[in-house]
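Let's take a walk through this chain together, one piece at a time. Have the sequence and the 3D view open as you read.

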Amino acid sequence: GVLGAVGAGAVGGLVVGAGGGIGAYAATRPAAPTPLTHLGSDAVAFHGTHQAGISTPMQAVGHLVAFDLAPGAGRAEAIALLRRWTACAAPMTEGRPAPGHDTDVALDEGPSALTVTFGFGRSFFDRTGLVKQRPVQLDPLPAFSSDHLDPARSDGDLWIQVGSDDALVAFHALRALQKEAGSTARVRWLMSGFNRSPGATAHPMTMRNLMGQVDGTGNPKPSEPRFGEEIFVPAKPHGTLASPAWMAGGSYAVVRRIRMLLDDWESMPVGKQEKVIGRRKSDGAPLTGGTEDTAMALTKKGPDGELVIPADAHARIAQPSANGGAAMLRRSYSYNDGLRGDGKPDAGLLFVAWQADPLKGFVPVQRKLDRGDALSAFIRHEASGLFAVPAGAAKGEYVGQRLME
Ligand code: HEM
């Protein structure tokens, strides 16, 4: 394709110019600096109505990190920390160094679509004397029968999601934020993940996960009229179980570390894998036909009289119309943490679901999946977090200011 043509042209020029081998490679390097590529120059505004990193297109690298406030740190220390974190994150998202002593890790790079997204866990409100401000949405998630949760890698007072299309930019931001935590907060858990790099496919398309499935098809799209109300808390929350006013423009993140039993999964023929989801592996189209965007024909039966999309297919059970309209934006990262003691891959999905209210998004859907979707046999939920992610900070504001003051 296009890449092949470019490669061939470059090689052709080099043979004449430098004679091949390592010299030929060196000769492709420009003598003078050239403008940043598309990837490096991509910038996502830090300030705005909503925090960046929610409806932002998925980036290639992500770090999820939770902090606990240190003993003795309360509301005043938390305010100072949120001010420092805001002052640290905002310039980095423009490709500028972190204030103070920068580590130089991203010195040569553009913003590379860096986003830094901050959230509050349930325990934060106890620690800071703000229990009256705590959204009922942060009530602990119900226990699910398939949970194998590790408390040490779950929850936390504060949560940050760092995303970037470049691994060094993401690490740079993560370290800078960790350093700013200083003696106020210490890391509770850290999980790192990845996705397809921009430009790795010839045309933009939905991500794949480590099971090889096209993952993200059913997501609400920013262009759809209901997207705003499904994903973000309304400007004037109302009703008995509404979010508090400080959460206007915010969203709730449900984070689940979901290990995939890849040895089991990969030993199944593709036909069986497809029945687990109800969609084709090659292109994500429903098993009832069409393209990725075609609606599933849920009542269609095959020649054998069986439903083509099985009754326990993951996509059938999870879809909003089967769950009273429950919708969420799944914006996950894959992870690979090497091998476990039993020799099996410690790999899977850092599942991140965004919604205006987890009781109307993740909870009913996971309840349903927990009662027996076909995918459950191939996954293990190993850690869990639920965070209130406030609206974006306006210029001059720090993140979370409307809660803290
Ligand atoms: C759809 C994979 C966990 C909710 C899908 C699809 C795949 C998939 C391949 C079909 C394509 C798409 O619409 O994105 C996985 C994997 C999981 C996982 C591999 C775990 C490792 C979850 C969990 C939830 C969830 C925990 C929520 C509780 C959904 C929803 C859809 C979906 C809402 C869209 C259904 C529709 O509207 O058609 N998932 N999923 N998934 N999944 Fe999952």
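## A walk through the fold

Val-254 has Leu-386 in S9 as its bridge partner. That is one small piece of a longer pairing, since S5 and strand S9 (residues 379-389) are joined by ten bridges and run antiparallel. Bear in mind as you look that this is a predicted model.

S5 has a second partner too: eight bridges pair S5 with S8, again in the antiparallel sense. To find this pairing in the viewer, look for Arg-257, which stands opposite Leu-350 in S8. How much of S5 is covered? Nine of the ten residues of S5 are buried, so the strand is mostly covered.

Now step back to the whole chain. The secondary structure comes to twelve helices and nine strands. Along the principal axes, the C-alpha trace spans about 75 × 70 × 45 Å. A compact globule of 405 residues would have a radius of gyration near 22 Å, and the 23 Å of this chain agrees with that. Buried residues account for 41% of the 405 residues. The contacts reach far along the sequence: of those between residues at least 6 apart, 74% join residues at least 24 apart.

Next, the ligand. Which residues come nearest to the ligand? Of the 30 residues around the ligand, the nearest are Gln-213, Thr-217, Gly-218, Ala-318 and Gln-319. Strand S5 (251-260), helix H10 (314-318), strand S8 (345-355) and helix H11 (362-370) are the elements that each give two or more residues to this shell. H11 makes the largest contribution, with four residues. Sorted by class, the shell holds 16 nonpolar, ten polar and four charged residues.

H11 deserves a closer look. Its buried residues are Phe-362, Val-363, Val-365, Gln-366 and Leu-369. Because these residues cover an arc of only 165° around the axis, they sit on the same side of H11. What do the buried residues of H11 pack against? They pack against S5, H10 and S8, and those three elements, like H11, also give two or more residues to the shell around the ligand. Just after H11, Gly-372 takes a positive phi of about 125°.

That brings us to backbone angles elsewhere in the chain. Most residues other than glycine have a negative phi. Two residues in one loop are worth finding with that in mind. Asp-104 is not a glycine, yet has a positive phi of about 70°, and this residue is found in the loop between helix H4 (75-92) and strand S2 (115-120). Ser-112, also not a glycine, has a positive phi of about 50° and lies in the loop between H4 and S2 as well. Is each of them buried or exposed? Asp-104 counts as exposed because there are 9 C-beta neighbours inside 10 Å, and the cut-off for exposed is 12 or fewer. Ser-112, in contrast, is buried, with 30 other C-beta atoms within 10 Å, where 20 or more are needed.

Follow the loop onward and you arrive at S2. This strand is mostly covered, with six of its six residues buried. In a regular strand the side chains alternate between the two faces of the sheet. For S2, both faces are covered: Thr-115, Thr-117 and Gly-119 are buried on one side, and Val-116, Phe-118 and Phe-120 are buried on the other. S2 runs antiparallel to strand S3 (residues 158-164), and six bridges join the two. For a landmark in this pairing, find Gly-119, whose bridge partner in S3 is Trp-159.

Our last stop is Leu-298, in the loop between helix H9 (270-277) and H10. With 18 C-beta neighbours inside 10 Å, Leu-298 counts as partly exposed. Leaving aside residues up to four places away in sequence, Leu-298 touches Ile-309 and Arg-316. How far is Leu-298 from Leu-350? The two are 52 residues apart along the chain, and their C-alpha atoms are separated by 29 Å. Leu-350 is the residue of S8 that stands opposite Arg-257, which takes us back to the strand pairing where the walk began.

Key
Residues numbered from 1 in each chain as written. Predicted model: local features only at pLDDT ≥ 70, side-chain atom pairs only at ≥ 80, totals over all residues. Near = placed C-beta within 6 Å. Nonpolar A, V, L, I, M, F, W, Y, C, P; charged D, E, K, R; others polar. Arc of directions from axis to C-beta. Contact = placed C-beta atoms within 7 Å. Pairing = 2+ DSSP bridges. Rg over C-alpha atoms; globule rule 2.2 N^0.38 Å.
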